[in-house]
Amino acid sequence: MKKILEKYKYKLLIIFTLSLVYTGANYYFEPFSKNNKNVALFPTFLLSITIVCFYVIPVIFLLRYLIRRLSVSRQAVAFSLILGFSICIFLGSEGNSLLSLILLSLKVPERVLVDWGASMTAPIAEELAKGLVVLLVYLLCKKISLRTVFVCSLISGFCFQVLEDIFFIHAATFGNEISGYEQAFERVSYALGSHMVFTILFGVGLIVLIKKGTGISRGKAVFWMLSAVVLHFFWNAPFEEKWIIPVLGSIGLNLAYNVFINIDRLDENDQVSSVVLC
């Protein structure tokens with residue numbers, strides 16, 4: 001059995017990945033068909049989601065710069081986009097549901113779950129989901145450098161952010177509480193400091209722990225991963241003070257920049273380079 005797994009492990013990985021891609025895409029897009037009776041609202045919905053371009057376009061330019069600067073392969077970028085736009089939301093949502101059931105089985109008070117449920121489940125479920133995308137890209141591309149992992153992590157978080165924003169805008173447009181436009185601008189205001197930042201911290205940290213002999217210590221990797229979970233926890237916490245999100249976003253962006261500084265000084269073999277580019 002061990003020899004068979006060793007021989008076919010890459011093919012099994014591809015089968016597993018393709019299954020996740022199909023299931024995840026179906027899981028995400030199928031609910032959008034449920035509101036087909038409200039066709040009059042679809043133009044409003046489609047117009048509302050264009051508001052996310054306020055951060056999507058700058059991030060695309062940032063990715064183009066990083067891909068050139070860090071010499072990231074097109075294969076890794078393509079895999080990150082495909083997996084990010086197909087499986088992140090599926091795994092994150094299912095993970096949230098599973099953890100919620102576990103909390104219910106532990107008889108956590110309903111009031112606590114209502115107020116703190118998102119903080120207790122999302123930091124674990126969603127970071128693992130986005131981290132799995134990075135891990136799958138790492139395995140499919142056969143052990144990419146940490147410079148490439150940084151960009152793949154950013155892409156994974158970016159895909160999750162875009163899909164989650166579209167989902168919330170859709171719910172607002174076809175719901176009764178707030179308008180799709182209001183929800184869109186609210187999502188844009190949070191975008192740059194949340195999922196992309198969290199995934200950079202968690203994804204790079206995860207691969208540093210897996211890889212052997214990198215120029216980054218495992219202690220630093222653990223710190224980055226825990227930082228992503230802690231920031232995500234407080235981000236989802238039911239605090240009403242308006243200064244909390246800007247502070248968390250600023251801390252997250254600075255930590256993400258710290259990750260970039262650390263990987264930018266590495267060469268393609270993940271060792272500290274004697275030449276540091278500016």
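A salt bridge here is a side-chain nitrogen of Lys or Arg within 4 Å of a carboxyl oxygen of Asp or Glu. The legends below describe close-up views of a predicted model.

**View 1. Arg187 and its two acidic partners, Glu164 and Asp165**. The side chains of Asp165 and Arg187 form a salt bridge, with N to O at 2.6 Å. This pair links distant parts of the chain, since Asp165 belongs to helix α7 and Arg187 to helix α8, 22 residues apart. Arg187 also forms a salt bridge with Glu164, and the closest N and O atoms are again placed 2.6 Å apart. Here too distant parts of the chain are linked: Arg187 is in helix α8 (residues 180-191) and Glu164 in helix α7, 23 residues apart. Through the shared partner, Glu164, Asp165 and Arg187 make one network of salt bridges. Asp165 has 0% relative accessibility and therefore counts as buried. Arg187 is buried at a relative accessible area of 12%, and Glu164 is buried at 13%.

**View 2. The Asp115 to Arg111 salt bridge in helix α6**. The two side chains meet at 2.9 Å, N to O. Both residues lie in helix α6, four residues apart, which is about one turn of the helix. An α-helix has 3.6 residues a turn, so residues three or four places apart point the same way. Asp115 is partly exposed, with a relative accessible area of 31%, whereas Arg111 is exposed at 54%. In the model as a whole, the count of salt bridges comes to seven.

**View 3. Glu126, a buried acidic residue with no salt bridge**. Glu126 sits in helix α6 (residues 110-140). The nearest side chain of opposite charge is that of Lys130, 5.5 Å away. With the salt-bridge limit set at 4 Å, a separation of 5.5 Å does not qualify. The side chain of Glu126 does make a polar contact with the side chain of Asn96, at 3.2 Å. Beyond neighbours within four places in sequence, Glu126 is in contact with Gly92, Asn96, Phe160, Glu164, His195 and His232. Glu164 in this list is also a member of the network in View 1.

**View 4. Helix α5, residues 88-105**. At 1.5 Å a residue, the 18 residues of α5 should span 26 Å, and the end C-alpha atoms are 26 Å apart, so the two values agree. The buried residues of α5 are Cys88, Ile89, Phe90, Gly92, Gly95, Asn96 and Leu103. Gly92 and Asn96, listed there, are also contacts of Glu126. After α5 comes Lys107, with a positive phi near 60 degrees.

**View 5. Tyr55 in the largest nonpolar core**. This core holds 74 residues, and the members that touch the most others are Tyr55, Phe150 and Ile263. Helix α7 (residues 146-173) supplies the largest share, 14 residues. In soluble globular proteins, nonpolar side chains tend to be buried together. Leaving out neighbours within four places in sequence, Tyr55 is in contact with Phe158, Gln161, Val162, Asp165, Val188, Ala191, Leu192 and Met196. Among these contacts is Asp165, which is joined to Arg187 by the salt bridge of View 1.

Technical notes
Residues numbered from 1 in each chain as written. Predicted model: local features only at pLDDT ≥ 70, side-chain atom pairs only at ≥ 80, totals over all residues. Heavy atoms only, no water. Core = buried A, V, L, I, M, F, W, Y, C linked by side-chain atoms within 4.5 Å. Buried < 20%, exposed > 50% of the residue type's maximum accessible area, 1.4 Å probe, protein only. Helix = DSSP H or I, 4+ residues; strand = E, 2+ residues; numbered from the N terminus. Contact = heavy atoms within 4.5 Å. Lys, Arg positive; Asp, Glu negative; His and termini not counted. Polar contact = N/O pair within 3.5 Å; in protein donor to acceptor, adjacent residues only side chain to side chain. Expected span 1.5 Å × (residues − 1).
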